[in-house]
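Here is a short note to read alongside the model, written as numbered points. Please keep the structure open and find each residue as it comes up.

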Amino acid sequence: MAGGKTSARQKMINLMYLVFIAMIAMTVDTEVLNAFGIFDKKFQASNERLEDGNEISLEGLEQKAVEQSEKYTPLLEQAKQVKEVSDELFNYIGEVRATVTADVDQSRYAQMNRSDVLDEYWFTGDRPTKEGQEFLSKIEEYKTKMAAILGDSELNQSVQSNFDLSPVKTNEGATQDWLNYNFEGYPMAASITRFTQMQNDIRAAQSAVFSGLLQGQLESEVSLSNYQAIVVPEKTAFFNGENFKGKVVLGRFDSSLTFDEVVINGKKVDKLEAGQVVLDFPAGSVGEKEILGELKYTEGEEQKSIPIKSSYAVIPKPNSAVISADKMNVVYRGVDNPMTISIPGVGNVSANAPGLKATGGAGNYLMNVTSVKGREVTIKVSGKLPGGETVSDNKTFRIKDIPRPVGAVRGEMDIVKMQRNGLEISTISAALPDFDFDLKLNVTGFKMKVDGQATVEVNGNRLDSRAKSVLQRAKRGSTVQIFDIEAKIAGNSGYKLKKVSPVFVELTN
């Protein structure tokens with residue numbers, strides 16, 4: 001919470017924390033401690049979502065590195081380094097939290113009003129203990145490693161600011177060490193919330209780095225002079241005697257794009273369609289063929305050109321299968337995964353794999369791997385050439401489970417503010433944010449907890465009479481926890497989803 005260049009998000013978190021500290025300075029009552037509990041759980045839920053998002057971003061970079069190695073492999077390596085450094089500090093903070101709360105029920109924030117456990121663990125006299133100094137060293141080590149990876153960038157400046165350990169000036173004008181200012185003398189509820197918030201900063205910084213890597217690559221390609229001409233053949237290989245058919249496009253497609261002049265293999269090409277140069281010439285004999293030329297255009301008042309350099313192979317027959325997953329480079333349990341399977345030059349192919357079935361259209365399949373054991377599945381493909389010869393190929397796909405659903409009230413997730421009668425008639429639901437498949441989830445039951453009252457177990461997706469009775473006794477501003485939500489996929493009740501994240505409702509009347 002020291003000075004420096006701080007993001008709007010961090011300023012909001014720091015302000016919140018200072019307000020809570022001010023409240024504690026006046027009195028540490030049950031409502032204040034429970035308020036810390038609400039924010040601690042909110043940060044925990046946010047950390048889980050950030051971690052899932054970071055995993056998806058890293059998988060996207062891994063796929064990009066496979067498709068465009070030279071461009072994306074350096075970004076992937078940088079992302080992996082950031083993940084390793086982030087995980088190291090994130091897990092260490094989690095270990096510290098586990099150590100100081102070993103004898104505490106972490107679900108009962110109202111009882112975490114003591115400060116002596118962490119004070120004795122981290123402080124001795126006017127100096128930190130060995131454990132306290134280790135905590136500071138781990139943070140400095142994280143900052144040093146992140147600086148080495150990110151260099152002199154805004155992302156690194158944000159990391160350095162969020163984890164600035166400089167002494168802090170108190171309201172009385174005195175200077176106090178960062179560790180003492182943030183942790184000494186505070187109740188356990190405040191300290192563990194601070195731990196979770198620091199973990200949230202780590203995951204948020206990691207997410208910003210992953211997004212920044214892709215955004216930086218995109219910005220480097222915005223200028224037309226940085227583009228490369230791409231030859232896109234109509235198909236991957238051509239038979240002897242065929243005409244080569246394809247198009248020359250730029251990396252960023254623009255249907256209004258025009259050129260002053262296009263020359264391919266020494267000949268002027270005049271045919272353009274929707275910003276694309278259309279090629280149509282004899283493919284030539286069997287072997288490797290080059291396509292050389294240039295695109296001439298005017299930028300401002302200056303004429304420039306983009307070189308065209310590509311190649312294609314003319315082969316007597318196809319020799320490999322093309323297999324692609326329509327959604328991702330993985331298949332998911334619990335859903336029908338669309339697949340497109342074909343062999344260039346072969347009209348009819350045969351594809352076999354556990355859970356794979358044709359859907360009628362040419363090359364269209366659905367794959368359900370719910371009952372497949374293991375983490376991979378292999379698709380085997382074969383077909384016959386016009387001459388009767390059989391060609392075959394295979395490809396292996398990763399199998400993943402459906403991600404963790406998120407609980408919702410009235411379609412809203414995390415912490416929801418609403419009136420008491422609104423909650424009584426609201427539907428409790430579950431959703432899969434940002435999942436590639438549009439799955440409907442049916443809620444069959446849940447548990448409801450109001451501060452100071454016993455937990456109520458409900459069947460169905462709405463509050464029953466017992467739950468409504470408990471709700472009527474809740475005070476204004478009380479937090480209602482909806483947790484242990486039981487959900488199933490509509491039409492596939494046999495698939496067991498991961499545990500649904502809880503949702504919290506703050507009563508406004």
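**Notes on salt bridges, a cavity and a sheet**

1. K145 counts as partly exposed, at 32% relative accessibility. The model discussed here is predicted. The side chain of K145 meets that of E88 in a salt bridge, with 3.2 Å from N to O. K145 belongs to helix 5 (residues 130-150) and E88 to helix 3 (residues 69-100), so this pair ties together parts that are 57 residues apart in sequence. E88 is also partly exposed, at 33% relative accessibility. The general point is that side chains of opposite charge can pair when their charged atoms come close.

2. K145 and E88 turn up again in the lining of the largest cavity. The structure holds 3 cavities of 30 Å³ or more, and the largest has a volume of about 60 Å³. Which residues line the largest cavity? They are V85, E88, L89, Y92, K138, E141, Y142 and K145. Helix 3 and helix 5 are the elements that give two or more residues to this lining. By residue class, the lining divides into 4 nonpolar, no polar and 4 charged. Look for the salt bridge between K145 and E88 when you inspect this part of the model.

3. The number of salt bridges comes to 17. One of them joins the side chains of E55 and K400, at 3.9 Å from N to O. E55 lies in helix 2 (residues 30-67) and K400 in strand 20, so the two tie together parts that are 345 residues apart in sequence. Are these two residues buried or exposed, or in between? E55 is partly exposed, with a relative accessible area of 42%. K400 has a relative accessible area of 16% and is buried, because buried means under 20%.

4. Another salt bridge is formed by R333 and D401, whose closest N and O atoms are 3.2 Å apart. This pair links distant parts of the chain, 68 residues apart. R333 is in the loop between strand 14 (330-332) and strand 15 (337-342), while D401 is in the loop between strand 20 and strand 21 (406-409). R333 counts as buried at 10% relative accessibility, whereas D401 counts as partly exposed at 30%.

5. Salt bridges can also share residues. E51, K83, D87 and R203 are linked in a network of salt bridges. Mark these four residues in the viewer and follow the links between them.

6. Next, the sheet. Strands 14, 20, 19 and 16 form an open sheet of 4 strands, in the order 14-20-19-16 and with mixed pairing. Which strands are at the edges? Strand 14 and strand 16 are the edge strands, and each pairs on one side only. Neighbouring strands of this sheet are turned by 35° against each other on average, direction ignored. As background, strands of a sheet pair through backbone hydrogen bonds, either parallel or antiparallel.

7. Strand 19 has a partner on each side in that order. With strand 20 (residues 390-400), strand 19 pairs in the antiparallel sense over 9 bridges. Two positions can be checked directly: V381 stands opposite D393, and I379 stands opposite K395. With strand 16 (residues 349-352), strand 19 also pairs in the antiparallel sense, over 4 bridges. Here V349 stands opposite G383 in strand 19.

8. What are the two faces of strand 19 (residues 376-384)? V377, I379, V381 and G383 make up the covered face. The uncovered face consists of E376, T378, K380, S382 and K384. In a regular strand the side chains alternate between the two faces of the sheet. Read the residue numbers in each group to see this pattern in strand 19.

9. A last point concerns Y365, which is found in strand 18 (residues 364-367). Y365 counts as buried, at 10% relative accessibility. The C-alpha atoms of Y365 and P338 are separated by 5.9 Å, although the two residues are 27 residues apart along the chain.

Conventions: Residues are numbered from 1 along each chain as its sequence is written. This is a predicted model: local features need pLDDT of at least 70, side-chain atom pairs count only at pLDDT 80 or more; totals for chains, interfaces and linings use all residues. Side-chain values use heavy atoms; hydrogens and water are left out. Buried means under 20% relative accessible area, exposed over 50%, partly exposed in between (1.4 Å probe, protein chains only). Two strands pair if DSSP finds at least two bridges between them. On a 1 Å grid over the protein atoms alone, a cavity is a set of points where a 1.4 Å probe fits but cannot get out, and a pocket is an open set with protein on both sides within 12 Å along at least five of seven lines; lining residues have an atom within 4 Å of a point. Grid points are joined across faces, edges and corners, and a volume is the space filled by probe spheres set on the points. Ala, Val, Leu, Ile, Met, Phe, Trp, Tyr, Cys and Pro count as nonpolar, Asp, Glu, Lys and Arg as charged, and the others, Gly among them, as polar. Axes are lines fitted to C-alpha atoms, for helices over the stretch in contact, and angles run from 0 to 180 degrees between N-to-C directions.
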